[in-house]
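Welcome, and thanks for stopping by. Shall we look at this one together?

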Amino acid sequence: MRVTVLGTGTARPVADTGASGILIQSDRTAVLFDIGSGIASRLERTVGAAGLDGLVVGHMHADHWIDIAPLRYRFPWGELSPRPLPVHLPPGGKEKLDHLAAVISERHGFFEVAFDVREYATGDTIRIGDLVIRPHPVGHYVPAWSMDITGPGGERIVYAGDMGPSDELVELARGAELLILEATLDTSRYDDAKRGHLTAEEAVDHVIRSGVPRGILVHYPSERRDAIRDICAPTNGLVMPAVTGTVLEIRRRAVPALSAAPALAEAGTSLPQETVSRG
Ligand SMILES: [Zn+2]
Ligand SMILES: [Zn+2]
């Protein structure tokens, strides 16, 4: 899979990047994860709206979905789209989309002309082209989901979106090729008691504990990029702050050959502990 970072910003507008948006592509599928402010324009420098096979939104804060409005204006006015874009929203998302159409002075059903809007739930499996996406809940100020994305070769990316510290996320990311985390805070001191964001130090710690070979940090204030680089430096490249335009090619890590269980190794299924210790 190819990952293109379309935005690394937080909710506050800055000059050098949009808010949240991660484009993930296989050879024949392109899915956008989150569409915060500035992302719809940035998308046009890559596959463009018409090149997308799906949009998945992790939670309904503006910096993760507000550019769904300009995205809609990329599709024809007044006529049915030949292939409505599958749009996967969290529970309650359809009603919020209706409200959004009303407050931007558009008619009822404005988005549905161009989008095939669906709501996912925890435990669902979303299939878009040859990508398989599983939403997992994370702790945030509003209901929010991380996305476990598996490509056609079995390679996995976990994109967490906004979240507070989470041991569950560390476990979820185990075995993945890439973990994409937010690094919003410079200190956890002023966060809510029920945590809703990570510091860069916490994000680095999550990557290290998950055992993934690579982590990138997004959703951080641009003026903290150098400080975040310094925080990541001791990991020797394991974790780095992404910038807008960062592209990563993600391939499945080679599974050690185990002649006793070739089918398991091929399928990428984690081997039972006893098999490993005997080998
Ligand atoms: Zn949020
Ligand atoms: Zn956010």
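What follows is a short conversation about this predicted model.

Visitor: How many helices and strands does the protein chain have?
Guide: Happy to start there, keeping in mind that this is a predicted model. The chain is 279 residues in length, and 42% of them count as buried. Its secondary structure consists of nine helices and 14 strands.

Visitor: What share of the contacts with a separation of 6 or more comes from residues 24 or more positions apart?
Guide: Here we take the contacts of the protein chain with a separation of 6 or more and pick out the pairs that are 24 or more positions apart. Those pairs account for 59%.

Visitor: Which strands are the edge strands of the open sheet?
Guide: Seven strands form this sheet with mixed pairing, in the order β6-β5-β4-β3-β2-β1-β14. An edge strand pairs on one side only. The two that do so are β6 (115-119) and β14 (247-249).

Visitor: Which residue of β14 does T4 stand opposite?
Guide: Strand β1 covers residues 2-8 and runs antiparallel to β14. Three bridges join the two strands. Opposite T4, in β14, stands V247.

Visitor: Which helix packs on the sheet, touching β5 and β6?
Guide: The helix in question spans residues 93-103 and touches β5 (85-89) as well as β6. Its direction makes about 135° with that of β6. This helix is α4.

Visitor: Why do the buried residues of α7 line one face of the helix?
Guide: In α7 (225-232), the buried residues are I228, I231 and C232. Seen down the helix axis, they fall within a limited arc, so they line one face. On the other side of α7, D226 and D230 are exposed. The arc that holds the buried residues is 95°.

Visitor: What covers those buried residues of α7?
Guide: The cover includes one helix and two strands, so to speak a mixed roof. Among them is β13 (239-241), along with β12 (215-218). The helix among them is α6 (200-210).

Visitor: Within what arc do the buried residues of α6 fall?
Guide: The buried residues of α6 are A200, A203, V204, H206 and V207. Seen down the axis, they line one face of the helix, because the arc that contains them is 155°.

Visitor: Which elements do the buried residues of α6 pack against?
Guide: Two helices are on the list, namely α5 (167-173) and α7. The strands are β11 (178-182), β12 and β13. Put together, the buried residues of α6 pack against α5, β11, β12, α7 and β13.

Visitor: How do α6 and α7 cross, left-handed or right-handed?
Guide: The axes of these two helices come within 10 Å and cross at roughly 35°. The contact is made by A200, E201 and V204 of α6 with I228, I231 and C232 of α7. By class, that gives five nonpolar, no polar and one charged residues. The crossing is right-handed.

Visitor: Which residue follows α6, with a positive phi?
Guide: Just after α6 comes a residue whose phi is near 80°. That residue is G211.

Visitor: Is E223 buried or exposed?
Guide: E223 sits in the loop between β12 and α7. A residue counts as exposed when 12 or fewer other C-beta atoms lie within 10 Å of its own. E223 has 10 such neighbours, so this residue is exposed.

Visitor: How far apart in space are E223 and V14, C-alpha to C-alpha?
Guide: In sequence, E223 and V14 are 209 residues apart. In space, their C-alpha to C-alpha distance is 9.4 Å.

Note on methods:
Residues are numbered from 1 along each chain as its sequence is written. Chains are lettered from A and ligands numbered from 1 in the order in which they are written. This is a predicted model: local features need pLDDT of at least 70, side-chain atom pairs count only at pLDDT 80 or more; totals for chains, interfaces and linings use all residues. Helices (H or I, at least four residues) and strands (E, at least two) are DSSP runs, numbered from the N terminus. A residue is buried if 20 or more other C-beta atoms lie within 10 Å of its own, exposed if 12 or fewer, and partly exposed in between; C-beta atoms are placed from the backbone. Two residues are in contact if their C-beta atoms, placed from the backbone, lie within 7 Å. The arc is that of the directions from the helix axis to the C-beta atoms. Axes are lines fitted to C-alpha atoms, for helices over the stretch in contact, and angles run from 0 to 180 degrees between N-to-C directions. A crossing is left-handed if the near helix is turned anticlockwise from the far one by less than a right angle, and right-handed if clockwise. Ala, Val, Leu, Ile, Met, Phe, Trp, Tyr, Cys and Pro count as nonpolar, Asp, Glu, Lys and Arg as charged, and the others, Gly among them, as polar. Two strands pair if DSSP finds at least two bridges between them.
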